[in-house]
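Okay, thanks for making time for this. Have the sequence and the model open while I talk, and stop me whenever you like.

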Amino acid sequence: MGQRNGRTIISALIVALIPLSATAQQAGAPAQEPREVIEAFHTTLLDVMKRADTLGYEGRREQLEPALDRIYNLRLMIHWLVGKAAWSELDGPGQARLLNAFKGMTLATYASRFDGYSGQRFQTIEEREGLRNDFLVRTELVDTDGDSISLDYLVRQDEGEWKVIDVFFKRISEMATRKSEYTSVIRRNGIDGLIQLLEAKVQEIEAEEAAS
């Protein structure tokens with residue numbers, strides 16, 4: 001895997017702070033362990049990469065959406081990213097629009113960037129319990145030449161399922177980085193400005209895919 005391809009995959013993973021509805025388990029306990037949830041997600045990513053040409057952009061988008069819906073806790077993340085004050089400015093439809101824009105941007109980015117495969121693999125290093133019953137699942141993206149990049153997931157239970165609430169690229173919290181970016185946009189253009197920016201990004205990606 002070339003340097004550019006490696007960066008593309010990591011960028012798509014980072015953008016992926018996005019997520020979904022959970023299904024409650026009858027016994028109230030998670031159906032899978034934290035590492036199993038992450039490993040299942042990685043398996044889907046690799047499968048989509050391997051079939052990227054056959055699936056095309058729309059096919060990759062359809063394949064990735066349910067996987068993204070299973071792994072991330074979007075409501076918790078976006079609420080924290082924009083802050084309580086900005087979130088409370090929105091009425092119900094406004095909050096739904098923000099959630100949809102965030103998910104749409106993330107899904108479009110995944111579908112456009114996971115467009116090929118050159119022998120990469122994911123490797124789980126460890127599962128470590130943290131504060132508040134959270135778990136850190138440490139993984140690596142391994143290149144064919146043996147080089148690896150650390151990619152860790154912080155997961156928390158939500159309605160009986162493990163959901164990602166932060167991603168660490170080279171041990172740096174992507175939630176912290178993204179919060180700084182989003183706060184800057186909101187300060188300049190308000191919460192509506194952030195929503196418009198996310199929606200515009202989706203349109204940009206779709207236009208690029210249509211032209212390719």
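Let me start with a question: which residue forms a salt bridge with Arg60? It's Glu209, and the closest N and O atoms of the two are 4.0 Å apart. That pair ties together distant parts of the chain, with Glu209 in helix 7, residues 174-211, and Arg60 in helix 3, residues 52-71. In sequence they sit 149 residues apart. How covered are the two partners? Arg60 is buried because its relative accessible area is 6%, under the 20% cut-off. Glu209 has 22%, so this one counts as partly exposed.

One caveat before I go on: this is a predicted model, so please keep that in mind for every distance I quote.

Right, the overall layout. The chain has seven helices and five strands. Walking from the N terminus, you go through α-α-α-α-α-α, then β-β-β-β-β, and then a final α. There are 212 residues in the chain, and 48% of them are buried. If you take contacts between residues at least 6 apart in sequence, 67% of those join residues at least 24 apart. The accessible surface is about 10700 Å², and carbon and sulfur atoms account for 46% of that.

Now the inside. The largest nonpolar core has 52 residues, and the ones with the most contacts inside it are Tyr72, Ile78 and Leu98. Which element gives the most to this core? That's helix 7, with ten residues.

Let's move to helix 6, residues 92-113. Its 22 residues reach 32 Å from the first C-alpha to the last, which is close to the 32 Å expected at 1.5 Å a residue. Is helix 6 mostly covered or mostly open? Mostly covered: 16 of the 22 residues are buried. Have a look at the start of the helix too, where a side-chain oxygen of Asp91 comes to within 2.8 Å of the backbone nitrogen of Gly94. Further along helix 6 you'll find Lys103. At a relative accessible area of 18%, Lys103 falls under the 20% cut-off and therefore counts as buried. So what does the side chain of Lys103 make a polar contact with? The side chain of Glu65, at 3.5 Å.

Back to salt bridges, since there are twelve of them in the structure. The general idea is familiar: side chains of opposite charge can pair when their charged atoms come close. What I'd like you to look at is a network, made up of Glu126, Arg128, Arg138, Asp152 and Arg171. Asp152 forms a salt bridge with Arg138, with the closest N and O atoms 4.0 Å apart. Here again distant parts of the chain are linked: Asp152 is in strand 3, residues 148-158, and Arg138 is in strand 2, residues 135-142, 14 residues away in sequence. Both Asp152 and Arg138 are buried.

Asp152 also meets the side chain of Arg171 in a salt bridge, at 3.0 Å from N to O. Arg171 is in the loop between strand 4 and strand 5, 19 residues from Asp152. Why do we call Asp152 buried and Arg171 partly exposed? Asp152 is at 2% relative accessibility, so it is under the 20% limit. Arg171 is at 45%, which means it lands between the 20% and 50% cut-offs.

A little further along is Ser173, in strand 5, residues 172-173. Ser173 is buried, with a relative accessible area of 15%. A polar atom of the Ser173 side chain lies 3.3 Å from the backbone nitrogen of Met175. Leaving out residues up to four places away in sequence, Ser173 touches Asp166, Val167 and Phe168.

Last stop: Glu33, in the loop between helix 1 and helix 2. At 44% relative accessibility, Glu33 is partly exposed. Apart from neighbours within four places in sequence, what is Glu33 in contact with? Glu127 and Trp162. Glu33 and Glu127 are 94 residues apart in sequence, with their C-alphas 9.4 Å apart in space.

That's my tour. To go back to where we began, do click on Glu209 and Arg60, the salt bridge between helix 7 and helix 3. Happy to take questions.

Terms used:
Residues are numbered from 1 along each chain as its sequence is written. This is a predicted model: local features need pLDDT of at least 70, side-chain atom pairs count only at pLDDT 80 or more; totals for chains, interfaces and linings use all residues. Side-chain values use heavy atoms; hydrogens and water are left out. Helices (H or I, at least four residues) and strands (E, at least two) are DSSP runs, numbered from the N terminus. The expected span of a helix is 1.5 Å times one less than its number of residues. Buried means under 20% relative accessible area, exposed over 50%, partly exposed in between (1.4 Å probe, protein chains only). A polar contact is a pair of N or O atoms within 3.5 Å; within protein, one must be able to donate a hydrogen and the other to accept it, and residues adjacent in sequence count only if both atoms are side-chain atoms. Contact means heavy atoms within 4.5 Å. Accessible areas come from the Shrake-Rupley method with a 1.4 Å probe; for residues, only the protein chains shown count as cover. A nonpolar core is a set of buried Ala, Val, Leu, Ile, Met, Phe, Trp, Tyr and Cys residues joined through side-chain atoms within 4.5 Å.
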